[in-house]
Amino acid sequence: TLSDKETNTMNRQNPYYTELLKRVEDRTTPITWLFIGDSITMGIGAGTKNYKGWVAQLTEKMGTTVSAWNLAVGYARGDDAANSPAWLEKAKNNDVIVICFGVNDINSGPYKFSGQRNAVQIKNDIAKIAKTCADAGAEVIICTTPPYTYANSEKVGVWRALVNQLKSLAETEGYKLFDFAAVVGTEADPSIPAYGGHPNAE
């Protein structure tokens with residue numbers, strides 16, 4: 001499980017987490033958190049037949065005040081979710097939505113692998129997901145795209161640009177931000193994953 005130090009690090013990156021728990025102390029029903037993303041958010045890389053992925057560990061720390069739903073799908077792109085009415089309908093009907101896309105958009109491009117997308121295009125897909133959920137009354141938390149073992153320097157460049165685009169999106173629209181790279185990237189270079197491309201249970 002996450003250590004107190006790691007949990008505190010996540011809270012510093014996303015102070016909204018503790019603020020939200022304070023707001024629901026007197027609530028009789030759990031507040032619902034929905035996590036949407038790709039295989040990293042699914043927990044791939046953290047072992048099998050366990051609950052050691054980052055979403056499972058985080059929600060375990062939240063306790064019984066929170067009901068969590070992990071709607072992440074392996075190989076998923078922001079492009080997929082932004083253009084899937086069924087996926088968006090499920091996502092928006094929650095109190096809080098955490099959006100974590102970008103790795104497969106950078107690595108594979110849009111659906112059917114037809115070309116490369118730039119940081120602005122990927123950000124626009126994530127913005128569409130966020131707006132759909134915010135308009136439905138959900139609180140939105142944007143995750144910066146996780147660092148990954150990208151194939152070449154060009155893709156790393158898109159990743160760096162996308163991280164900045166997502167930070168700007170959150171600031172402009174008033175969404176909360178969780179800086180994924182600041183937690184799982186190496187200190188010397190946040191584009192290099194410290195715990196593997198698919199973060200391990202550590």
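## Working through the fold, strand by strand

I36 stands opposite I99 in strand 3. Keep that pair in view while you work through the exercises; the model is a predicted one.

**Exercise 1. Get your bearings: how many helices and strands does the protein chain have, and what percentage of its residues are buried?**

Start with the secondary structure, which comes to 10 helices and 5 strands. Next, look at burial: of the 202 residues in the protein chain, 48% are buried. Then check the contacts. Among those between residues at least 6 apart in sequence, 76% join residues at least 24 apart.

**Exercise 2. Work out which strands pair with strand 1, and in what sense.**

Begin with strand 2 (residues 66-70), which pairs with strand 1 in the parallel sense over 5 bridges. One place to see this is I31, whose bridge partner in strand 2 is V66. Now turn to strand 3 (residues 96-100): it runs parallel to strand 1, and 5 bridges join the two. Here F35 has V98 as its bridge partner, and I36 stands opposite I99. As for burial, strand 1 (residues 31-37) is mostly covered, with 6 of its 7 residues buried.

**Exercise 3. Follow the sheet on from strand 3. Which strand does I99 face across a bridge, and which way do the strand 3 residues point?**

I99 stands opposite I142, in strand 4. Strands 3 and 4 run parallel and are joined by 4 bridges. For the directions, recall that side chains in a regular strand alternate between the two faces of the sheet. In strand 3, V96, V98 and C100 point one way, while I97 and I99 point the other way. Both sets are buried, and the count for strand 3 is 5 of its 5 residues.

**Exercise 4. Find the residues that touch the most other members of the largest nonpolar core, and say which element supplies its largest share.**

The general idea first: in soluble globular proteins, nonpolar side chains tend to be buried together. In this model the largest nonpolar core has 53 residues, and W33, I36, W54, I97, I99, F101 and I142 touch the most other members. Helix 9 gives this core its largest share, 8 residues. Now zoom in on I36. Setting aside neighbours within four places in sequence, I36 is in contact with A81, W87, A91, I97, V98, I99, C100 and F101.

**Exercise 5. Check the geometry of helix 9, then explain why its buried residues line one face.**

Length comes first. Helix 9 (residues 153-173) has 21 residues, so at 1.5 Å a residue it should span 30 Å; the end C-alpha atoms are 30 Å apart, which agrees. Next, list the buried residues: K155, V156, V158, W159, L162, V163, L166, L169 and A170. Viewed down the helix axis, these fall within an arc of 150°, so they line one face. An α-helix has 3.6 residues a turn, so residues three or four places apart point the same way. The face turned away from the buried side carries the exposed residues S153, E154, E171 and T172. Among the elements covering the buried residues are helix 7 (103-108), helix 8 (119-135) and strand 4 (139-143). Just past the helix comes G174, with a positive phi near 80°.

**Exercise 6. Repeat the length check on helix 8 and say what covers its buried residues.**

Helix 8 has 17 residues, so it should span 24 Å at 1.5 Å a residue; its end C-alpha atoms are 24 Å apart, and the two agree. Its buried residues are A119, I122, K123, D125, I126, A127, I129, A130 and C133. The cover over them includes helix 5, helix 6 (85-92), strand 3, helix 7, strand 4 and helix 9.

**Exercise 7. Is C143 buried or exposed, and how many disulfides does the structure have?**

A search of the whole structure finds 0 disulfides. C143 is in none: its nearest cysteine sulfur, that of C100, is 4.3 Å away, and the cut-off is 2.5 Å. C143 counts as buried, at 1% relative accessibility. C133 is buried too, with a relative accessible area of 0%.

**Exercise 8. Where is Y75 found, and what is odd about its phi?**

Look in the loop between strand 2 and helix 5 (78-82). Y75 has a positive phi of about 70° although it is not a glycine. Its relative accessible area is 68%, so Y75 counts as exposed.

Definitions and conventions
Residues numbered from 1 in each chain as written. Heavy atoms only, no water. Buried < 20%, exposed > 50% of the residue type's maximum accessible area, 1.4 Å probe, protein only. Expected span 1.5 Å × (residues − 1). Arc of directions from axis to C-beta. Contact = heavy atoms within 4.5 Å. Core = buried A, V, L, I, M, F, W, Y, C linked by side-chain atoms within 4.5 Å. Pairing = 2+ DSSP bridges.
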